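I opened this entry to keep track of what I looked up, in the order I looked it up. The structure goes in first, then my notes.

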Amino acid sequence: MTPPHEKLVARLEQAGVLTRYWREAFTGIERHRFLPDRIITPDGEVVDRDTDPRRWLASAYDDLPIVTQVDEGNEDGSAPPISSASKPSVVADMLRRLDASPGMRVLEVGTGTGYNAALLSHRLGEEDVVTIEVDADLAERARERLLGVGLCTLVITGDGTQGWPARAPFDRVISTVAVRRVPYHWVAQTRPGGRILTPWGTALHNGVLADLHVGPHGTAHGRFTGDVAFMWVRDQRVTGRTLKAHVPPKVRESTLTRTRLHPHEPLGDFGASFAIGLHMPTVLKRIEFEQDRGRRFTVHLVDPGTGSWASWHVDHGSRRSGYQVRQHGPRSLFTELESAYAWWRREGRPEHTRFGLTVSAERQSVWLDHESRVIGSMP
């Protein structure tokens with residue numbers, strides 16, 4: 001019988017994300033050795049290795065993300081995920097894009113289970129891989145798992161946004177946590193000609209990869225690619241409590257208007273949602289469904305920094321008369337969203353791959369097509 005990890009390798013090859021270059025590493029490193037005994041599947045089911053070992057092993061080799069750690073302390077008993085094992089196809093695709101080869105020194109930010117660090121170490125050599133994890137417990141478990149497969153990879157417990165200057169300069173930096181601003185430490189610790197690959201997003205849209213090339217003058221630039229969503233780096237993570245605290249109560253001073261724009265148009269389209277997020281990078285969204293899920297719901301837009309919010313209520317029966325919008329605060333968030341969506345349409349509905357990012361010590365700038373067309377920047 002074919003081992004489950006070899007079946008996964010075959011599926012990844014068939015999907016075109018696993019190259020011959022990385023095949024040996026994926027064959028030699030078994031994913032299940034890096035997973036905890038209790039995992040949570042994407043549909044929220046808890047699978048325990050002790051009580052259901054066959055289901056646990058099958059889940060370990062599905063091409064699906066697996067939640068490995070949840071948040072604590074929510075008053076309502078809910079526990080949003082804060083750490084996970086990424087889909088194997090995403091892992092393979094990111095390693096392919098990283099374009100690393102033996103002799104290169106690699107910094108990984110976000111050790112998590114240690115699986116990705118093991119793949120890197122197997123292919124490039126453990127002496128050339130450094131991995132950083134902010135959570136001390138996760139870091140210690142990753143060390144144990146790496147040693148369990150015979151790898152002495154250096155696992156640092158610390159803030160990955162600071163990099164690791166003791167081993168710099170690096171040829172490659174790969175992050176497995178999403179950021180809204182690429183830490184300049186990563187640029188400063190990468191040698192000219194090196195690359196940085198990281199999930200990147202805005203408060204409104206988390207779902208792309210920034211593929212950056214480091215130049216000779218202390219800057220990095222490149223385009224966005226991919227279609228992925230990762231956990232946020234811890235100090236940029238928005239908790240469920242934060243969102244609920246800013247969702248407006250039903251009775252509060254606000255302006256009332258109506259719109260014929262359905263949320264699916266600006267927020268259901270990947271390219272539109274990404275572009276709108278570039279114009280409104282600090283704005284969060286939350287969708288609150290009523291009992292007849294899908295027919296009646298409210299989209300909440302929130303800017304915690306100013307206390308501004310907008311509630312966009314959709315009732316299927318109101319399509320002809322328009323949907324109710326309430327806005328409050330110094331920013332008219334729905335009006336800003338409409339304006340950003342109109343801009344995206346005027347520009348010819350550009351895909352996210354036409355946008356790029358430039359990172360310097362002073363600021364981070366997002367542009368369309370070329371660096372002279374700056375969409376927005378932040379210090």
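The notes below go from confidence to one sheet, then to the cores and a single threonine.

**Confidence.** I am working with a predicted model. I checked pLDDT before anything else: the protein averages 90, and 92% of the residues score at least 70. I then looked for the weak stretch and noted residues 73–77, where pLDDT stays under 50. For these residues the model has six contacts beyond four places in sequence.

**Sheet.** I traced an open sheet of five strands and wrote down its order as β12-β16-β15-β14-β13. The pairing is antiparallel. At the edges I found β12 (255–259) and β13 (284–289), each of which pairs on one side only. I looked up the turn between neighbouring strands of this sheet, and the average is 20 degrees with direction ignored.

Next I took one pair from the sheet. Strand β15 (residues 308–315) runs antiparallel to strand β16 (residues 323–328), and five bridges join them. I asked myself which residue in β16 Trp312 stands opposite. I found Val325 there.

**Helix on the sheet.** I followed helix α11 (residues 333–346) and saw that it lies across β12, β14 (296–303), β15 and β16. Its angle to β15 is about 70 degrees.

**Cores.** I listed the largest nonpolar core, which has 51 residues. The members that touch the most other members are Trp200, Phe224, Trp312 and Leu357. Helix α11 gives the largest share of this core, seven residues. I recorded another core of 44 residues that lies apart from it, with Ile29, Ile66, Ala100 and Val228 among them.

I went back to Phe224 for its contacts. Leaving out residues up to four places away in sequence, Phe224 touches a set including Trp200, Val208, Leu209, Phe274, Phe355, Leu357 and Val366. His352 and Thr353 are also touched by Phe224.

**Thr225.** I moved on to Thr225, which is found in strand β11 (residues 220–225). Is Thr225 buried or exposed? I count Thr225 as buried because its relative accessible area is 17%, and the cut-off for buried is under 20%. I looked for a polar partner and noted that the side chain of Thr225 makes a polar contact with the side chain of Arg97, at 2.9 Å. Beyond four places in sequence, Thr225 touches Arg97, Val208, Leu209, Asp211, His352 and Thr353.

Methods: Residues numbered from 1 in each chain as written. Predicted model: local features only at pLDDT ≥ 70, side-chain atom pairs only at ≥ 80, totals over all residues. Heavy atoms only, no water. pLDDT = per-residue confidence, 0-100. Contact = heavy atoms within 4.5 Å. Pairing = 2+ DSSP bridges. Helix = DSSP H or I, 4+ residues; strand = E, 2+ residues; numbered from the N terminus. Axes fitted to C-alpha atoms, helices over the stretch in contact; angles between N-to-C directions. Core = buried A, V, L, I, M, F, W, Y, C linked by side-chain atoms within 4.5 Å. Buried < 20%, exposed > 50% of the residue type's maximum accessible area, 1.4 Å probe, protein only. Polar contact = N/O pair within 3.5 Å; in protein donor to acceptor, adjacent residues only side chain to side chain.
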